[in-house]
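Here are my notes for you on this one. Keep the 3D view open and follow along point by point.

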Amino acid sequence: MMKQVRLRKGKEESLKRFHPWVFSGAIAQVDEGIAEGDVVRVLTNSGDFIAVGHYQEGSIAVRVLSFSDVLIDDEFWHSRLLSALQTRQVIGIADNPNNNTYRLVHGEGDNLPGLIIDVYGQTAVMQAHSIGMHLCRKQIAQALVGVMESRISHIYYKSETTLPFMTADDMNGFLYGNSDDNIATENGLKFRVDWLKGQKTGFFVDQRENRLLLEKFSKGKRVLNMFCYTGGFSFYAMRGGAELVHSVDSSAKAIELTKQNVELNFPGDARHEAFCEDAFKFLEGIGMPKANSQKPTASYNLIVLDPPAFAKHRGALHNALKGYTRLNQKAFEKIEKGGILFTFSCSQVVTKDHFRNAVFTAAALAKRKVRILHQLHQPADHPINIYHPEGEYLKGLVLYVE
């Protein structure tokens, strides 16, 4: 029989508005013997059913799977995954011969909190962000094979970094099939996906549309791609006709992947160069001669700032905003007159207003006139549950710098 969680009086209001989280402070009582990852029924203080979800210790105590009193069985997983696939078909991202890379499941955005599934060609990479989803991984994989049919031949599970508090057993590895073919296609460009050791599921799928926009601005530009990771913005800029493209990341492994990806699409192209260096140190050195040289380094009229999340929780927000201001100020100081700056934040706790204020402060400190050309966000295969505004995590601005 399913264990039950009873709420404090009046704490069901957010659930009545279909918010998919139950916070630990809202709970009055839990059944004896409940373990992390169990599927539980959530009751109001008066004993009325309101939701069913995965239980876990911590601030978010229950992640809601359904607001109907249903069994979380094979039929449930198949139905939810089929709905996710149908959404991607409606938006035209699934079954696209020019693009076999997309997010199939985006947690709360697909009513599957704690679960991420990205598709790279014939391989789906599944990642759990809750113990409940981890415990259900084999059941989910079986349903995924049935829903996707011939669209995938392999499922790789990659949760070692998202569930670090658990044992490493069965955290990474193939749940279905087995393949070392890690080349996928995005908008006609090829790239290698490091789902074994790479960040997230191996590639940042959420910047696909923003990379395509950058391509349109790149003709004749001298492009600097900061925090390049595996070089996504770089090879889009090259296809767009950039005069030169420099990729910078502090990770030697990321730089090596960037070089491989550029070579996949533009073999032997001398326009690209990659640098393994700290971002602030590199930005500081723009336009200055290097050691043993009188020649100044390159200057840039298109810069991309796509840093990792500066704030992973609310306690880090203040320092994160200072970091965004400092980073953008340095870019404003170094970019050429008439340049274009693509700048991003992927921190969920940093709101659009927070980020914009940090960037505007940076512009003022750098004494540059700046205009907004585009306001950017995550693509449609990263949907936002209308009842869960926290799901809107990616913010970006395209700025014209006088």
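1. Let's begin with one residue, Arg88. Leaving aside residues up to four places away in sequence, Arg88 touches Ile93, Ala94, Tyr102, Arg103, Leu104, Val105, His106, Asp110, Asp381 and Pro383. Keep in mind that this is a predicted model.

2. Where does Arg88 sit? You'll find Arg88 in helix α2, which covers residues 74-90. Is Arg88 buried or exposed? Its relative accessibility is 0%, and anything under 20% is called buried, so Arg88 counts as buried.

3. Now look at the side chain of Arg88. One of its polar atoms lies 2.7 Å from the backbone oxygen of Arg103. Arg103 is also in the list of residues that Arg88 touches.

4. Next, zoom out to the sheet. Seven strands make up an open sheet, and if you walk across it you meet β16, β15, β14, β17, β18, β20 and β19, in that order. The pairing is mixed. Which strands are at the edges? They are β16 (272-276) and β19 (370-377), and each of these pairs on one side only. On average, neighbouring strands of this sheet are turned by 15 degrees against each other, ignoring direction.

5. Pick out one pair inside that sheet. Strand β17 (residues 302-305) and strand β18 (residues 339-345) run parallel and are joined by four bridges. If you want a spot to click on, try Val304: its bridge partner in β18 is Phe342.

6. Two helices are worth finding here. Helix α7 (residues 252-265) packs on the sheet and touches β15 (244-249) and β16. The direction of α7 makes about 170 degrees with that of β16. Helix α9 (residues 317-334) lies across β17, β18, β19 and β20 (395-401), and α9 runs at about 170 degrees to β18.

7. Finally, take in the whole chain. How many helices and strands does the chain have? Its secondary structure comes to 10 helices and 20 strands. The C-alpha trace spans about 75 × 45 × 40 Å along its principal axes. The radius of gyration is 23 Å, which agrees with the value near 21 Å for a compact globule of 402 residues.

8. A few totals to round things off. Of the 402 residues, 53% count as buried. Among contacts between residues at least 6 apart in sequence, 63% join residues at least 24 apart. The accessible surface comes to about 18,300 Å², and 50% of that belongs to carbon and sulfur atoms.

Conventions: Residues numbered from 1 in each chain as written. Predicted model: local features only at pLDDT ≥ 70, side-chain atom pairs only at ≥ 80, totals over all residues. Heavy atoms only, no water. Pairing = 2+ DSSP bridges. Axes fitted to C-alpha atoms, helices over the stretch in contact; angles between N-to-C directions. Contact = heavy atoms within 4.5 Å. Rg over C-alpha atoms; globule rule 2.2 N^0.38 Å. Buried < 20%, exposed > 50% of the residue type's maximum accessible area, 1.4 Å probe, protein only. Areas by Shrake-Rupley, 256 points an atom, 1.4 Å probe, with all protein chains shown as cover. Polar contact = N/O pair within 3.5 Å; in protein donor to acceptor, adjacent residues only side chain to side chain.
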